[in-house]
Amino acid sequence: MAAGASLAVGCGVVPGVAGGTADDTVTVMTWAPQDTGATNRPGMPALALAYARWVNGHGGLSGRRLKVLTCNDHNDGVTAAKCARRAVKENVVAVVGSYSQHADSFLPVLEGAGIPYIGGYGITTREFTSPLSYPVNGGQPALLAGLGTALAGACGAVAMVRPDTIAGDQLPPLLDSGLTAGGHPDATDQRAAEDATEYGGQADRALRSATADATAEGCVVPVLGDRTSTFMDSFRRARDAWPEVRTATVLGSVDQSTVNATGGASSPYEGSYVTSWYPVSTDPRWGPMKKVLKEKAFGDNRVDAADAGVQTTWIAYTVLKKVVASLGDGPVTADTVSGALDDGLEVGTGGLTPTLKWTFQSELAAVGFPRLVNTDVTLQVVREGRLVAARKGFLDTTDTLRAAEVS
């Protein structure tokens, strides 16, 4: 794919339809970490490139050619800022459907140039505070609050294993907000290296904490991104020495491919609760995305329709498409894109999320999430080796998040 060709800072570009000019081209950027020792999201820029090929083959965005630049932030703050500076240099109208843990590095650059950030992964608190951030999901706050709510009535002692990073420091209060709402004590907070190659010691400590109450089955909650599967390898070996416990996590730390790779129905994830922002990947509402992937990304093993990053990128480009359509024959610039969103544009996503509409003073402004406008999550469970819906519809985490003690 064209993504293999690199420009400065690991960036690439996919050409659009022939004959396009600078005046009728909408240029955007999608970034994510790739080829690192920690969490990687190669499917997000790969989906963006596939979407550009598809939309340009079907008349463009309201007749305009879509040009997608990609960038690899390498899970590094300095490189994330370089990606943002390249976005400014290339005069992009938005950064769309991207993942980075380094919002403090890239958002000031985008804000200085007035470039909107549409559909970030929600991995950092700043994505829910910046006036130029337009998240399409509730990020880690909603996932963890929803998970805590689900576990409050199902678990004895709860042990959380999370990265020893700035982003990781924001996670425990969110899980605890859901536990507290259900009358459950806070989880034990256990830090772990984000890029470790084994987690034997952490698995033993988590099991010790989760089995502290002999009267109820405990729960271990690993939230380590791509390293969750590494933790579970260590956990599988350690758990036989301890009483039975249940596992639970959030989508992004586990998906269907992870369950398959760890044994399917005999996987340590069997019976686990998993919270997601969206319906299960087998839901027919994902049909349009799967059609695009079949036509334009067939055989590209970077793109998994069940990956939360890929799904988020699809929804973010759905937003971009609606914004460009709303501008009619007018200019498409960073200012007009953010202006349309700020003026109350409503975006439907075919039922994958509630109708999206961004206002700075949201219901959650008082607890530090003024841009968090989609508080819905779904609750899934691994049953006979498959991720399936554990309950119908969405769970609204607004009230739980209002009570979160987030610094």
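How much space lies in the largest pocket? I looked this up before anything else. The model is a predicted one. The volume comes to about 380 Å³.

**Pocket lining.** I listed what surrounds the largest pocket and got 19 residues. R41, D226, D255, S257 and D307 lie nearest its centre. I then asked which elements give two or more residues to this lining. They are α9 (256-261) and α11 (308-326). By class, the pocket lining holds nine polar, six charged and four nonpolar residues.

**Enclosed space.** Next I turned to the cavities. A probe the size of a water molecule, rolled over the atoms, shows where empty space is left. I counted two cavities of 30 Å³ or more.

The largest cavity holds about 180 Å³ of space. I found 20 residues in its lining. Nearest the centre of this cavity are Y99, I123, V223, L224 and G225. Its lining divides into 10 nonpolar, eight polar and two charged residues.

The second largest cavity has a volume of about 50 Å³. I noted G122, I123, T124, T125 and F128 in its lining, together with Q140, P141, Q170, L171 and L174. The split here is five nonpolar and five polar, with no charged residue. I123 lines this cavity and is also among the residues nearest the centre of the largest one.

**Nonpolar cores.** In soluble globular proteins, nonpolar side chains tend to be buried together. I checked how that looks here. The largest nonpolar core has 111 residues. Within this core, L66 and F231 touch the most other members. I also found a second, separate core of 17 residues. Its members include W31, V92, F106 and I115.

**Helix α6.** I went to α6 last. L174, which lines the second largest cavity, is one of the buried residues of this helix. Is α6 mostly covered or mostly open? The helix spans residues 172-181 and is mostly covered, with seven of its 10 residues buried. I wrote them down: P172, L174, L175, D176, S177, G178 and L179. D176, a charged residue, is thus listed among the buried ones.

What covers these buried residues? The cover includes the helices α4 (139-152), α5 (166-169) and α13 (398-402). The strands β7 (158-163) and β8 (188-192) are also part of it.

I closed with the backbone after the helix. G183 follows α6, and its phi is positive, near 75°.

Technical notes
Residues numbered from 1 in each chain as written. Predicted model: local features only at pLDDT ≥ 70, side-chain atom pairs only at ≥ 80, totals over all residues. Heavy atoms only, no water. 1 Å grid on protein atoms, 1.4 Å probe; cavity = no way out; pocket = protein on both sides within 12 Å on 5 of 7 lines; lining within 4 Å. Points joined across faces, edges and corners; volume = space filled by probe spheres on them. Core = buried A, V, L, I, M, F, W, Y, C linked by side-chain atoms within 4.5 Å. Buried < 20%, exposed > 50% of the residue type's maximum accessible area, 1.4 Å probe, protein only. Helix = DSSP H or I, 4+ residues; strand = E, 2+ residues; numbered from the N terminus. Contact = heavy atoms within 4.5 Å.
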